[in-house]
Amino acid sequence: MARPKKIAGAPDTRELILDAACEEFAVTGVSARLEDIAARCGIRSASLMYYFPSKQELMYTLFERVTNLLIVRSQEAFRLAEGNYAAAIRSVAQAIRKVEEEQIGTANVMLHGLLSEDSHDVLKQ
């Protein structure tokens with residue numbers, strides 16, 4: 001499959017796909033179709049398939065992206081709590097809520113990732 005054309009100054013297609021997938025999962029749930037995700041970010045299905053050959057790979061990449069963001073935000077919240085564990089737990093919960101507000105759909109991605117059969121393999125990595 002040929003690489004899709006890159007337009008100078010255009011946003012990164014891979015990131016656009018991930019953002020669109022998160023939005024589509026927020027609306028439709030994890031049953032969202034790849035065609036609908038492609039349409040949401042204004043590309044053809046073939047272009048989406050170039051970056052993510054399967055829905056499973058797209059979900060895995062989203063899960064990884066959200067997990068990494070939550071880890072960074074949680075570590076920062078914990079650091080700011082300065083050893084007060086009750087405050088740290090509240091701060092981490094607030095950080096998670098803020099991520100969901102900033103990137104609608106992350107809760108769906110996280111729950112699906114954590115509850116799926118493959119989640120143990122993902123979390124071990």
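1. A polar contact is a pair of N or O atoms within 3.5 Å; within protein, one must be able to donate a hydrogen and the other to accept it, and residues adjacent in sequence count only if both atoms are side-chain atoms. One such pair sits at the start of α5, where a side-chain oxygen of Asn84 comes to within 3.3 Å of the backbone nitrogen of Ala86.

2. This is a predicted model, in which local features need pLDDT of at least 70 and side-chain atom pairs count only at pLDDT 80 or more, while totals for chains, interfaces and linings use all residues. Residues are numbered from 1 along each chain as its sequence is written, and side-chain values use heavy atoms, with hydrogens and water left out.

3. The protein chain has seven helices and zero strands (DSSP runs, numbered from the N terminus: H or I of at least four residues for helices, E of at least two for strands).

4. In α5, Ala87, Ala88, Ala95 and Val99 are buried (under 20% relative accessible area; exposed is over 50%, partly exposed in between; 1.4 Å probe, protein chains only). Seen down the axis, the buried residues of α5 fall within an arc of 110° (directions from the helix axis to the C-beta atoms), so they line one face of the helix. The face turned away from the buried side carries exposed Ile89, Arg90 and Glu101.

5. The buried residues of α5 pack against α4 (55-80) and α6 (106-115). Phe25, leaving aside neighbours within four places in sequence, is in contact (heavy atoms within 4.5 Å) with residues including Lys55, Met59, Leu62 and Val109.
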